[in-house]
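Good morning, colleagues. Please turn to the sequence and the model on the screen, and we shall go through some of the contacts together.

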Amino acid sequence: MGAAPAVSAAPRRLPLAAVLGAYLTSVTCTAVSAIAIPWLVLSTTGSATRTGVVVFAEMAPYVAMQALAGPWVERIGPRRASWLANLVAGLVLLLVPLLYASGQLGYGVLVALVAVVGAVRGVADCGSAPLVPGSASLSRTSLSRAAGLHASASQAGNLLGAPLAAVLLSLLPAPLVLIVSGGGFVLASLLVRFLVPGELGRGTDPVEPYLRRIADGLSFLVHDPLLRALVVMIAATNLLGTGYLSVLLPSWVRDNGLAVAAVGTVAAASGLGALAGSLLGAWLAPRVNRWLAYAVGFLVGGSPLFVALAVSSSLLPVVVVAACCGLATGGINPIIGAVQYERIPAEMLPRVLGAVKASAWAGIPLGPVVVGALTDQAGVQTALVAVAVVMALLTLGPFVVPAFRLMNERRAPARSRHAETS
C-alpha cells in the first residue's frame, strides 16, 4: 500500500545511497544532454530556431509528466517506475549516436527521440522522490536529513552537468557525448533495480479512475494550508528567479561592459552556495526550528542579490552576495522536503508531489517574458529595484502568514482514505 516499511534491527544504508546515487547520476546526465543535444542541432543545422524547438520538445513532456504520471507511478510502484523509466531514457538516447553514425538521424527523428527521453525522465523523477521516506527509514536517517540529501543530489547534478558537458564536447563529437549521457541513465536504472529492495515503493491496485486520482492530488494540495502556502510562494519566486537568470543577469553584465563569462561566474557562485547550504541544512535540519530557518533563509536568499546588482557595477561583490544567497536558500530545501513527506500520505506521494512540482514550476515559462518586458520598458536598474522590492515582500510571507508556522509540526504521514481501498 506504499507505506514505509518497518525499521529492521540493523540500519540498511545501501538503499538510500542507491536512491541518492541514481538521482545524482540521472540529473547530471540530463544536464549534459541539455547542452549536448542543442549543440548537435546547432552544429549540424546552424538554425537557432530548430535548436529551440528541440529544447522545447524535451522539456515540455518532462514538465507535463511530472504532473500527469503520478497515478501511473502509484500503480506500478515508484521503484519500478524509477528504474524502468531511466532505462528507457538511456536506451532511447543511445539511439541518437547510432542513427547519426548510420546517416539516418533526420531532424524530425531527433525531435521525436528527445521528446520520448523528456517524457520518461519526467516519470523517473516522479518515482524517485517517493522512495526517499522508505529508504531513509531503513537506514535510520531522519526524514529531513534524507530530504536534504535528495535535494543536494539534484543541485550537485545540475552544477556538475554543465562543466562536464563542456569538457566532453571539447574532447568528443556531440553524438559520442550522448553515449556517455545515455550510459549514465542506464547506470541510474541499475542502481535502483538491484540495490533498492522490492518492499520499497510497491504499486497499488487503484479503484479510482486516472483523472479522479489526478484531481485528488490537486485537491489534497489545495486543501492543505501549509503546502498551498509553500507552492504559491515558491511559484512566485521561481518566476522572478527565472527572469533574473535569463534576462536581468545577462543585461546587467552587458550594461556594465563585463565579459559574458561573468554570467557563468555569478551563476556558479549561486549554485555552489546552494549546494553547500543544502548539505549543511541536511546535517542541521533535525535540530533547527523549521519555520524560523525557512523564513530567515528565504529572506536572506531573496532580494539581497537584486540589490547587489542594482548598486554595484563590479563582479566581485555580486559573486560574494550570490554565494551567500545561494547558501541561505539551499538550506531551506531539507525543510521543504521533510514537510512534504510528513504531510502527504505515503500512498499519495507520487500524485501530490507531481501536483506540487507542476504548480511550483507554473510561473517559470512566464518569468523571462514578464521580467524582459519590464526591463525593456523601465531599464535594467529600475527592473532590478522593482524585482528586489517584490521579492522582499514575497519573502516576508512566512512572518505574516500563519500557515507557515505549521512547519514545526513534526509528524508521520497520515493514512488517507484511499489506503483502505488499496
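The charged end of Arg193 is placed over the ring of Phe194, at 5.1 Å from the centre of that ring. I should say at once that this is a predicted model. A second arrangement of this kind involves Arg50, which lies over the face of Tyr107, 4.5 Å from the ring centre.

I turn now to rings that pair with rings. How many aromatic pairs does a search of the whole structure find? The search gives 4. One of these pairs joins Tyr244 and Phe306. Their centres are 5.6 Å apart and their planes stand at 80°, an edge-to-face arrangement. The angle counts as edge-to-face because it is over 60 degrees. Where in the chain do the two partners, Tyr244 and Phe306, lie? Tyr244 belongs to helix H10, residues 225-255, and Phe306 to helix H13, residues 304-311. With these positions 62 residues apart, the pair links distant parts of the chain. Are the two residues buried or exposed? Tyr244 has a relative accessibility of 8%, so it counts as buried. Phe306 is likewise buried, with a relative accessible area of 3%.

Another edge-to-face pair is formed by Tyr294 and Phe298, with 5.3 Å from centre to centre and 80° between the planes. Here both residues lie in helix H12, residues 290-301. They are 4 residues apart, about one turn of the helix. Tyr294 and Phe298 are both buried. Ring pairs also bring in Phe404, giving a cluster of Tyr294, Phe298 and Phe404.

Let us move on to the packing of helices. Helix H1, residues 14-45, packs against helix H8, residues 174-195. Their axes are 8 Å apart, and the angle is about 160°. That angle makes H1 roughly antiparallel to H8, because the value is over 145 degrees. The crossing of H1 and H8 is left-handed.

The second helix pair is H6, residues 131-139, with H7, residues 143-171. The axes of H6 and H7 come within 9 Å and cross at roughly 125°. How are H6 and H7 therefore described relative to each other? They are oblique to each other, and H6 passes H7 in a right-handed crossing. Which residues meet there? From H6 come Val132, Pro133 and Ala136; from H7 come Leu143, Ala146, Ala147 and His150.

Helix H7 also holds Ser144. Ser144 is buried, at a relative accessible area of 4%. Setting aside neighbours within four places in sequence, Ser144 is in contact with Ala285, Pro286, Arg290, Pro334 and Ala338.

My final residue is Pro350, in helix H16, residues 349-360. Its relative accessibility is 3%, so Pro350 counts as buried. Not counting residues up to four places away in sequence, Pro350 touches Gly70, Val73, Glu74, Cys126 and Pro130. A further distance concerns Arg75, which is 275 residues from Pro350 along the chain. The C-alpha atoms of Pro350 and Arg75 are separated by 10.0 Å.

To close, I would ask you to keep two places in view on the screen. One is the cluster of Tyr294, Phe298 and Phe404. The other is the crossing where H6 and H7 are oblique to each other. Thank you for your attention.

Technical notes
Residues numbered from 1 in each chain as written. Predicted model: local features only at pLDDT ≥ 70, side-chain atom pairs only at ≥ 80, totals over all residues. Heavy atoms only, no water. Phe/Tyr/Trp six-rings, centres within 6.5 Å; stacked < 30°, edge-to-face > 60°. Helix = DSSP H or I, 4+ residues; strand = E, 2+ residues; numbered from the N terminus. Buried < 20%, exposed > 50% of the residue type's maximum accessible area, 1.4 Å probe, protein only. Lys NZ or Arg CZ within 6 Å of the ring centre and 35° of its normal. Contact = heavy atoms within 4.5 Å. Axes fitted to C-alpha atoms, helices over the stretch in contact; angles between N-to-C directions. Parallel < 35°, antiparallel > 145°, perpendicular 65-115°, else oblique. Left-handed = near helix turned anticlockwise from the far one by under 90°.
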